[in-house]
Structures are given as C-alpha cells and as structure tokens.
Amino acid sequence: MTVHQAKALLNKTIREWLDKVHKWIARGKEGHIPRLVLKAGAGTGKTVAMLAASAKLLKKYPDLRILFSAPSVELCEEVEKKAIEEFGIANARVARGRSQPRPDDKSQKMCAFSDWAESLAALQMSVSKSLCSNTKEDGTEVRCKFFDTCPYMKQIREMKQPGLIIASHQYLSVELDALKGIDLVIIDESFHQTMTFEKLVPIERFRKLRALGDSYKGKKGESHADFELRREMDQYELDNGIDTVMRILTRCEVEKRQWTIEEFLNEGITSDFCGFMKKLEYSRIEKLAVFPDMDDDIKAERIQKAKAQEAYGFARFWSILQVQLSPEVVAEREGLIMGLRLLFNHMTKGDEIRDYISLRWSKDPRFIDVATVIIDADADQLIIERFYPGADFVEIEAEWRDDIEPVQCPNWVGSAASMKTTRRQDDAYNTALEMADRLSHLVKGDPKKRPLLVSHKSVIDGYREDFENDQKDLPEHERQSFDSQPMDMAWFGNLRGKDCWNKAVGIVVVGRIEPTVDAVEAIVEGIWFATPKPPRFIKGDNRVFPTRATIVSDKLGNERTIDVSYHPDDRCHRVLKQIREAEVMQAIARIRPIHRDTPCEVIILTKIPLPIQPARFWGVESIVPDRFTMVRMNGWIPENAQDMADAYPSLFPTANAVTLAAFQRDERAFPAFEGRALPALAKAAGKSLSQPIYDYMGNERVWVRVTYSRKLNTRSRTRSGWLLVGRTAKSDEIIAEVSKIYPDAANFSVAMLAPAAPEVVEAANDNTPALRPSTPIVRNGRDALNGVLIMSPATLALAQSMAEEQPWQCIVPDKGRRMQFRLAA
C-alpha cells in the first residue's frame, strides 16, 4: 500500500486500541487487557503515532503512568526530546541505569559506585537496600554520602510521579520499586533478547557434594534435636539429588547425547523434589551485609565473595528442571529436557576446554497485567505470543519510494568469518568510498548526507583502528577524526530505531549476521523452555545449518538460484531470521526508504534473500571498484595505456596489463566517467566506452581533457588524459598538476567538453545514468569561469579516432573470447 494508506491504517488501528484502553480504564482495569502488536516498516510513523496517543491519554488521565520502552538509552533520549518538543508532554523523562552517563555531565555516571551496584544487581540483590541505604542491627539507618544529591536517586523519586517514563528494554523484567503501578506499556522494537538468559555451570563444580548453608534455619517451635534431625535428612536428600543427576549425566556423556525427561522420572526425581532442592541450594547463599558507611576495600571484598558464590547457578538448575518435570509439561512432551543443555568439551572464551551445563531460560514480562502495545518493523507473532499471549497482531506494509531501487549482490556471502580477510574488508570500504565519490555532488559537504556503510562491528572497529594508526604518522595539525571520512559507518546490532541517516544519499550494507546453530538453539531453548512442545534441534557432532536452493528474481525478471542456510525447526528458523534477515532490513531502514524527500542509492552486499525485491542483481565483480574505477576516483585518467601504467604502477605494472584489464573488464553496476557508461553505443564502430559524464560532481568539480606530448622510445608522441579539477581551476594550474605526474610532458593544451546532443545523452539501459553536462557560460569559445577551451563531442570523437594509440577505453570487453589484436607497446 502507499505511504498515505499505511499511515491511515496505522492511525485507525491505534485509535481502535485507544478506545479499548479507555473502556479498560473505565472498568477499573479489570477484564480483557488491551494488547496490540503493530508490525510496520520504518518511516510509517509508529513512534510518532504512539507519542501522540500518549499525549492524549495523559491529557485525559493526568495521573496515568506510561512506560515507553526502547532498545537503548540513546533512543530513549530521542523519544524524550520528541515527546517534550513536539507533543508537549512536559513530564516525559528518561530512566537511566546506574552505570549510564549523567545527562548534565557525560563524563560522570548516574551512580558514584556504579561498578559495585551493577555487580549486586547481577546477583539479584537490592542495591537500594545495601549501597544506597541500609539498617544496622541496632536499628540505625545508614545512607550513602551522596544519597541526597545522587542523580539516580533523584530519578527514582521522579519515576514514581505521573507522566511518560522512557526506559530501555531491560526494565521490562527488572524488579524496580519505582516502576510499581505502571498503567500502560509501549514497547518500541524487538525486546525478546533482553528477556532470555544463559548461564554456564561447570559440571565438575556441580558434582561436588556441598553442605547446607547458614540460612538453613529451624522452624518456629522446633526443638534443637528435631532441627538437627531434619537438617541431617535434608542434607541426605541434597546429596542424593546431586548423585542422581550425576548418574544420568555420566550416561549421557558416555552415549554422547542429551538427557531426557524419562530418565529423571525413572530415577524418582519429581517437580516437587526439584523445588525442594532449589530451596536447599538457596540456603547456601551467604547474606551479603554491605552498608554505605563501610570501608571501600571491605565493600569490594564482600561483593566479590558474593559474586563467587555458586549457589545461584545450582538453584537455577533445579528451578529449570522443576518446570521440565511439571505435570503440564510431562503430559504433553516426550524426550529432551529443555533449558539444560549438556556441553561436553566446550571451548571457553579463554581457550579452556571444560564440561558445562548450559542453563537457558526466559522471564515473563513484569508488566503483564497492563495495557500494552508493541511497535516493531520485524515483529514475529509466535515469539511475541510467548511473552504477550492473545495480543492483536496487525501488519502494515508500505511501498518504498519509486526512485529507491536496491541493487543486491548474489555472490557475496558476508558472514563474520568471510569478512575477516583484508581483501573483503577493502572491497567493502572501497565500495562505500566509490559511492561517496560518485554522489558527492549530492552531499555537497553536508555530513548528514554522507553515504552510510553498515557491516559487522569487528569490521567497523578494524576500519577505525587502521584509520587511527594512519593518523599517528601525520603531523598533529594534519590529523583528522574518524568521523571526518566521506561516509558514515555503523554496525549490525546498533541500528534499531535510529533516525540520523534519513538524509543519507546512499547506503552500503555489507554482509549479515549468521549465528551458529548452538546460538540459535540456545535462544529458542531460553524462550520456550517451559513450553510442552519441544523444538526439533539439529543432531550430530558437526552441527551446521543445512541449505536449500531458493530461486529469487529482480525487477527486470533476472532469476538467481541462491543456496540459503535454514533451520528445519520453525521456531528456530524464526529466531534465525530475526537475527539475520531482520538486522539487514533494519540497516536499510535507517535511510527511511518509505518516507523521505530525496532519492537514495542502496547496495546490498549479501546474497541472503530479503523481504524486498532488488531492482537489479549485480555480481561482486561489477559492484566493487576495479582498478579503472580506482583510477577515476584518484582524479587522473590517462587515455593511453603506457601513461596509465606510468601514473599507477601499483595498479598496472605494464601497458600490456592496462590493455588486458580493459579487454577483460566486467560491466559496471554504476558506470561513471571511466566505465562502460554507454554499453549500447560502445558496440557501434568508433564509439568510445568513455562518453564522459565529466560533471558528475555538479558545478563544483569538472573533468577537463589535457593533451600533451611525451618522448617515448626516442620519439615524441601526443598523449591525452582527463583530470578532475575545481570548477574555477585555470589552465596553468591544470598543466602544473599533470606535470607532477609526468615531469617529461610538454606542449600542453586543455579543453572542456561541451554539452552533448540529446540523442547522445540518453541512457543505454535502466542502470546507466544519462549524461548531465553542466552548461558553461561560453565566451569566445572558452568557459567564462576558468578560461578553458570548450570542445564539442564531435571534436572529441575525432581527436580520439586520430590518436596515435587507440585509447584503452575503446576496447570492447569480451571475457568469452581471446584477444585478436596486438597488445599496446
């Protein structure tokens, strides 16, 4: 549907949801809870529409507390700005974590003791009742010395007030007192990753017998003798439970398999028994006595000791097993235990091989009983159903602008492993650099219009490291920042929701995230660990995704058969696509292809089929800049093979190499001055492949033809080439530049190409840009700005036909036959 139709449907859907919210509030928030999932592409106005809805609700219900959940604090700050400035929500505020920078001073964190606070929070211990404030045994309350001035504590007090609270997705599952009583939740973008967890428990640590902890207490009215007897019996039960688990685990290790529900049931392990074991394990957790007035060294020591406690992982094991053996699961499921994956001979990040039990689980959303709307361009109904069952699912697809036609490369994989090679990294960088060069007349120095290069984080980090190392070799006054490059850069996983590239003139998306089978299945286990129906996992020692041939076509009808990896299980494949295809689409969506004012060029360097149809397939050899493209980007294009080799010896060691490369050259996806700009005309006798689009930079820079003579093999020969110069460059300046390249050159003349006739400028095919020569002001046959002689296209054609050596551009590439003419000397 059109953009206008999509926005109309979006607003209608939100109005209907608001009507349900009004009725729900009128019922005292009882009965059916309004839940809505809006799957709509970037640029359809989802976030803006929900802020408008929030403003209306807060106006009608001033005491309402709305939680707006976004992927990152950076996006939360953008939402806060829009809420206040565009919708007048004065009580909109961002909830920042303790380790986040302060809004008034980015060099300081929200909490002065954020490192300790994060450690305690990871242990699920109350930070507010330990580091912030605590009560000693004598009843004395001790507060942190920064308690009254702490920005985090001030934020906590403000969060309890009515209004719009904007927080990251982590707060959807965090138990925070300040968020009690939330009335309505808006979730922007995918959130399930923050609700899913994994923890590795070393098997050799789990197998060790352990005594009950100090928190194992006697019951009210229980005698000391009865307590000791009960303690002894419970210790026996714990030891017996551990021994039973290890017997099953040993069989699994010998038989190289995972454990099953039947094995535990046959050993007498029940769900109730697991719940009892969990309580016994928790008894081993030592009470963490941390007070704000403690010496810092003592605080650090106690927190570190708490982090080292293994009881949390052991208790989580029994908690997951308790779910697996529950009557609801046992009644419908046969076979594998979910959420307790055995990893034998597992390689750790420190290159250490150990055996682990991988604990995988997910949490239910904290705000499950309030009205909720989820807005996500890549929403998957089955995944969302796990966390928000019964939500209405509405999908809205809007058309892209007609002049945004993505080009996709069907022979580029782009996995993180393949992108580790220097060649692939250089190819990706040069593709974006060529786009920036070719479209610089549209950028015109505006950094917001620079093309965007998106790839893996490791690739972007490598570019940054190389750039900064190169800068170290320069004098300090010549050094530049990484952000000064002609294109902007970002990486997968750090793009969702960002709106800072909506004016970019182009985007190059390089590669895609391809998670391992283990990674995908770990997420699936975590999400659906409590679901009776288990997924079908890939079996075998060398577990890799199978592939299947998929036929795809571009808008011109060209078909390609792509081998695409997939997971046989539906739930696993959905998660795979959420990581792989969805992240590529999120990258492309940053340019706002649905709703933007100007055209944008899109290059997709990955073969994975996407939900969009490419305008044209081009091979990597046609997209990545070749040697001739690099020559054009350098700004000097000799017409003669020997001069080309002399100017660029690192690209062409000999004149023969130039001629051979021209003969074997692939058709260019984005032809410009040096390339097959007019391939149809090129086949006509005497026509050059280099009909010059000399002003692709607009009026800021132009290509001028420089003719000169050089003495080669004791004979003076006339040569020529094209130089990219500033629009006002004079002939003397142009000649000086060429003289630096060829000190032996003499007898110079300079000319600009006049506008071509209409029948010449027509594009040869849909991908070929028409000639766009500027119209110089001509006075006495010369350009009024720089005084350079104006040359007609006919004069150029005549000059090239009379040249002593055939220009390399006149060679018609044909990789399917042998060269039938003598190579240039």
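When I give an angle between a helix and a strand, the axes are lines fitted to C-alpha atoms, for helices over the stretch in contact, and the angle is taken between N-to-C directions. Keep that in mind for the sheet.

First, how far to trust this. The model is predicted. Mean pLDDT for the protein is 85, and 91% of the residues reach 70 or more. Two stretches fall short. Residues 756-773 have pLDDT below 50, with 42 contacts in the model beyond near neighbours in sequence. Residues 817-825 also stay under 50, and here the model has 18 contacts beyond four places in sequence. Where pLDDT is low, predicted coordinates should not be read in detail.

Now the sheet. It is open, with 3 strands in the order S10-S12-S11, and the pairing is antiparallel. Which strands stand at the edges? They are S10, residues 196-202, and S11, residues 340-347. Each has a single partner strand, so one side of each lacks a neighbour in the sheet. On average, neighbouring strands are turned by 30° against each other, ignoring direction.

Look at S11 and S12. S12 covers residues 353-362, and 6 bridges join the two strands, which run antiparallel. One pair to find on screen: Leu342 has Ile357 in S12 as its bridge partner.

Next, the helices. H8, residues 224-255, packs on the sheet and touches S11 and S12. The direction of H8 makes about 55° with that of S11. Then there is H18, residues 517-527. H18 lies across S10, S11 and S12. Against S12, H18 runs at about 45°.

That's the tour. Questions?

Terms used
Residues numbered from 1 in each chain as written. Predicted model: local features only at pLDDT ≥ 70, side-chain atom pairs only at ≥ 80, totals over all residues. Heavy atoms only, no water. pLDDT = per-residue confidence, 0-100. Contact = heavy atoms within 4.5 Å. Pairing = 2+ DSSP bridges. Helix = DSSP H or I, 4+ residues; strand = E, 2+ residues; numbered from the N terminus. Axes fitted to C-alpha atoms, helices over the stretch in contact; angles between N-to-C directions.
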